[in-house]
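Visitor: Could you walk me through one small part of this model and its surroundings? I'd like a close look at a single residue and the sites that go with it.

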Amino acid sequence: MSQLSYARYGKDNIRLFKVEKDEKAGTQTVVESTVCILLEGDIETSYTEADNSVIVATDTQKQTCYILAKQNPITPPELFASVVGDHFIKTYPHIHAAHVKVIQHKWTRMTIDGKPHPHSFLRDGEDIRVVESVTRENVGISIRSKIEKLLVLKSTGSAFYGFHRDEYTQLKETWDRILSTEVEAGWAWKTFSGLEEVKSVASKFDLAFNAVKEITLKTFALDNSASVQATMYKMCDQILAAVPLVEAVDYALPNKHYFEIDLSWHKGLKNTGKDATVFAPQSNPNGLIQCTVTRKGPKSKL
């Protein structure tokens, strides 16, 4: 009457912190991550027959993550995710796919008296670096890198006009507005044949992350934005040009609205249009604009 159609399990929210010590230079470097591991394979009987013999315990997965972190670099996170995924595929013959997600939290070295401090750090933002990888037996390793929670704002240089209007439209056109969003940007790498190929390009992951962040911020700041859609497409186009190993770029940009406050009721006080200087930040509802841009090839349907 029924059959198991989907099965995946693992350990989520593995908190990981690693200190690299350079005794010669007298400096230390820290990396903090949160890891999720989910496994697929010949595990149906654990669901349908209460057969626990096919389960690699989630605590085993957690301990394995700690051991691999001791034995390997955990940055760039694309490499560490590949190391973890490769381990489970090669160690357990009945496990055929490993999904590994790594969230890297910010710790930025402090500058004290104009000099980088050797072992003190601060969290100078809530934006995070995210990697989602899938290591699949006889297929390879697919990796999607991301920036999330990058909050940006510019107080001018954005417009929105010429949009479709009908009997349901109340929104007024504007040629000057505050533009703010919480950036979620992702970029999908070409499929790698295995861990060794990932290792061979490991240096490119940090370069790509830095390039994506720089392109995002520079385009956001300098583009005289006709719409969020137009600006985000420019970002995607530049990233594909800058990182040849990336096959697709995607953005999700929610509007963070700041509305003018009409204060004319108080002694004719002007605070709209060009006179607007005091605004009311809004929470929701909000616009949400998304896109994925790929390299040119056979045309795919949206």
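Is lysine 11 buried, exposed or partly exposed, and what is its relative accessible area?

Guide: Before we zoom in, bear in mind that this is a predicted model, where local features need pLDDT of at least 70, side-chain atom pairs count only at pLDDT 80 or more, and totals for chains, interfaces and linings use all residues. Residues are numbered from 1 along each chain as its sequence is written, and side-chain values use heavy atoms, with hydrogens and water left out.

Now, your lysine. Lysine 11 has a relative accessible area of 23%, so it counts as partly exposed (buried is under 20%, exposed is over 50%, and partly exposed is in between, with a 1.4 Å probe and protein chains only). Look for lysine 11 in strand β1, which covers residues 9–22 (strands are DSSP runs of E with at least two residues, helices are H or I with at least four, and both are numbered from the N terminus).

Who does it touch? Once neighbours within four places in sequence are set aside, lysine 11 contacts Val35, Cys36, Ile37, Thr58, Asp59, Gln61 and Lys62 (contact means heavy atoms within 4.5 Å). Let's follow three of those partners, Thr58, Asp59 and Lys62.

Take threonine 58, which sits in helix α2, residues 58–71. Its relative accessibility is 26%, so threonine 58 is partly exposed. With close sequence neighbours left out, up to four places away, threonine 58 meets Tyr9 and Gly10 as well as Lys11. Aspartate 59 also has its place in helix α2, and its 38% relative accessibility makes it partly exposed.

Lysine 62 belongs to helix α2 too. It comes out as partly exposed, because its relative accessibility is 22%. Not counting residues up to four places away in sequence, lysine 62 touches Lys11 and Ile14. From there to proline 77 you travel 15 residues in sequence and 17 Å in space, C-alpha to C-alpha, starting at lysine 62.

Here's where the records come in. UniProt, in an unreviewed entry, puts the "active site" label on Lys11, Thr58 and His257 (positions are in the numbering used here, feature names are shortened, and annotations may be inferred rather than shown by experiment). Those residues are spread over 247 residues of sequence, and in space they are up to 42.5 Å apart between C-alpha atoms. So keep both views in mind: Lys11 and Thr58 are in contact, yet the annotated set is spread out in space.

The "binding site" label from UniProt, again an unreviewed entry, goes to Thr58, Asp59, Phe160, Arg177, Val228, Gln229 and Asn255. They don't all gather at one spot, because the farthest two C-alpha atoms lie 51.9 Å apart, over a span of 198 residues in sequence. You've already met Thr58 and Asp59 as contacts of lysine 11.

For another member of that list, try asparagine 255. Asparagine 255 lies in the loop between β9 (246–254) and β10 (258–260). With 13% relative accessibility it is buried. Leaving out neighbours within four places in sequence, asparagine 255 contacts Leu179, Ser180, Val228, Asn286, Gly287 and Ile289. One of these contacts, Val228, is on the "binding site" list as well.
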